[in-house]
Every structure is written in structure tokens, then in C-alpha cells.
Amino acid sequence: MFEKIMPRMFVYAYDPERIEEMLDRKSREGWQCYEVGLFYCFHRGEPDEYEYRVQATKKKEMERLQYIKGLRELDIEHVGTVGEYLILRLSLIHISEPTR
């Protein structure tokens with residue numbers, strides 16, 4: 001089951017704190033954001049499966065791609081970009097699993 005939410009451009013589309021609050025609230029409800037573009041796209045998952053962060057970056061395109069690649073090595077996923085903001089997520093389930 002999928003849900004798409006159109007961002008309220010005039011309210012918080014470029015307000016990183018409000019974007020994080022919305023994504024974290026949806027995550028607590030079990031809706032996990034998997035793509036950001038014109039819409040925030042969600043799929044059903046586990047509650048609190050991911051923690052979302054919005055990070056401002058003024059890097060050029062190639063620098064931004066290298067930066068995103070480095071984040072992947074740290075298990076941080078790039079969900080999408082809104083203006084100069086990167087929408088990132090980290091799996092909390094992966095972190096909470098005991099190491100063997």
C-alpha cells in the first residue's frame with residue numbers, strides 16, 4: 001500500500017526542521033518515505049523504522065554525488081533533494097540489532 005503526500009510549498013517545503021518533524025512523525029506511524037520529488041512518497045513499514053534528517057548543502061553536482069556516495073558507506077540513505085536540502089534516512093532497526 002502506498003501513500004503520496006504533496007508538500008505544502010508555502011508552509012514548510014524549504015524549512016528543514018518542519019520537514020524532519022513531518023517525516024519522523026510519519027515514520028512513528030509506520031509510513032516510511034522512499035522518494036522525494038514533487039511528492040513525498042511513502043510505503044508502509046515498521047513504526048520508527050527510520051530516522052530522517054534534512055541537511056543543507058551548497059555543493060556542486062559532482063561534489064554532492066560524491067558526498068551521497070560517502071553517506072551510503074555509513075548506511076545513510078539519500079531519499080531525495082528539495083532545493084539545496086538533502087533528505088536522508090538511517091535505519092534504526094539496523095542500529096538496534098545486537099552485533100555478534
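Is Asp48 buried, partly exposed or exposed, and what is its relative accessible area? In this predicted model, Asp48 is partly exposed, because its relative accessible area is 40%, a value that falls between the cut-offs of under 20% for buried residues and over 50% for exposed ones. The residue lies in the loop that runs between β3 (40-44) and β4 (50-56), and its phi is near 55 degrees, which is a positive value in a residue other than glycine.

The setting of Asp48 can be placed within the chain as a whole. The protein chain contains four helices and six strands, and these elements, read along the sequence, follow the pattern β-α-α-β-β-β-α-β-β-α. Of the 100 residues in the protein chain, 35% are buried. Among the contacts in the chain with a separation of 6 or more, 53% are accounted for by residues that stand 24 or more positions apart. The accessible surface of the protein chain comes to about 6,800 Å², and carbon and sulfur atoms hold 52% of this surface.

The largest nonpolar core has 15 residues, and those that touch the most other members are Leu23, Cys33, Val36, Tyr40, Phe42 and Ile87. At least two residues of this core are supplied by each of α2 (16-28), β2 (31-36), β3, β4, β5 and β6. For Val36, when neighbours within four places in sequence are left aside, the contacts are with Val79, Gly80, Thr81, Val82 and Ile87.

Helix α2 also holds Lys26, which is buried, because its relative accessible area is 9% and the cut-off for a buried residue is under 20%. Leaving aside neighbours within four places in sequence, Lys26 is in contact with Glu3, Ile5, Trp31 and Phe42; Phe42 is also one of the core residues that touch the most other members.

Helix α3 (61-73) was examined for its length and for the two sides that it presents. The 13 residues of α3 should span 18 Å at 1.5 Å a residue, and the end C-alpha atoms of the helix are 19 Å apart, which agrees with that expectation. Within α3, the residues Arg64, Ile68 and Leu71 are buried. These three residues lie on the same side of α3, because they cover an arc of only 55 degrees around the axis. On the other side of the helix, Met62, Gln66 and Glu73 are exposed. The cover over the buried residues of α3 includes β5 and β6 (85-91).

Just after α3, Asp75 takes a positive phi of about 65 degrees, again in a residue other than glycine. Asp75 belongs to the loop between α3 and β5 (76-82), and this residue is partly exposed, because its relative accessible area is 43%, which again falls between the cut-offs of 20% and 50%.

Strand β6, which forms part of the cover over the buried residues of α3, also contains Ser91. Ser91 counts as buried because its relative accessibility is 18%, and the cut-off for a buried residue is under 20%. Although Ser91 and Tyr50 are 41 residues apart in sequence, their C-alpha atoms are 4.4 Å apart in space. When residues up to four places away in sequence are not counted, Ser91 touches Glu49 and Tyr50. The side chain of Ser91 also reaches the backbone nitrogen of Ile93, at 3.4 Å.

Note on methods: Residues are numbered from 1 along each chain as its sequence is written. This is a predicted model: local features need pLDDT of at least 70, side-chain atom pairs count only at pLDDT 80 or more; totals for chains, interfaces and linings use all residues. Side-chain values use heavy atoms; hydrogens and water are left out. Buried means under 20% relative accessible area, exposed over 50%, partly exposed in between (1.4 Å probe, protein chains only). The expected span of a helix is 1.5 Å times one less than its number of residues. The arc is that of the directions from the helix axis to the C-beta atoms. Contact means heavy atoms within 4.5 Å. Accessible areas come from the Shrake-Rupley method with a 1.4 Å probe; for residues, only the protein chains shown count as cover. A nonpolar core is a set of buried Ala, Val, Leu, Ile, Met, Phe, Trp, Tyr and Cys residues joined through side-chain atoms within 4.5 Å. A polar contact is a pair of N or O atoms within 3.5 Å; within protein, one must be able to donate a hydrogen and the other to accept it, and residues adjacent in sequence count only if both atoms are side-chain atoms.
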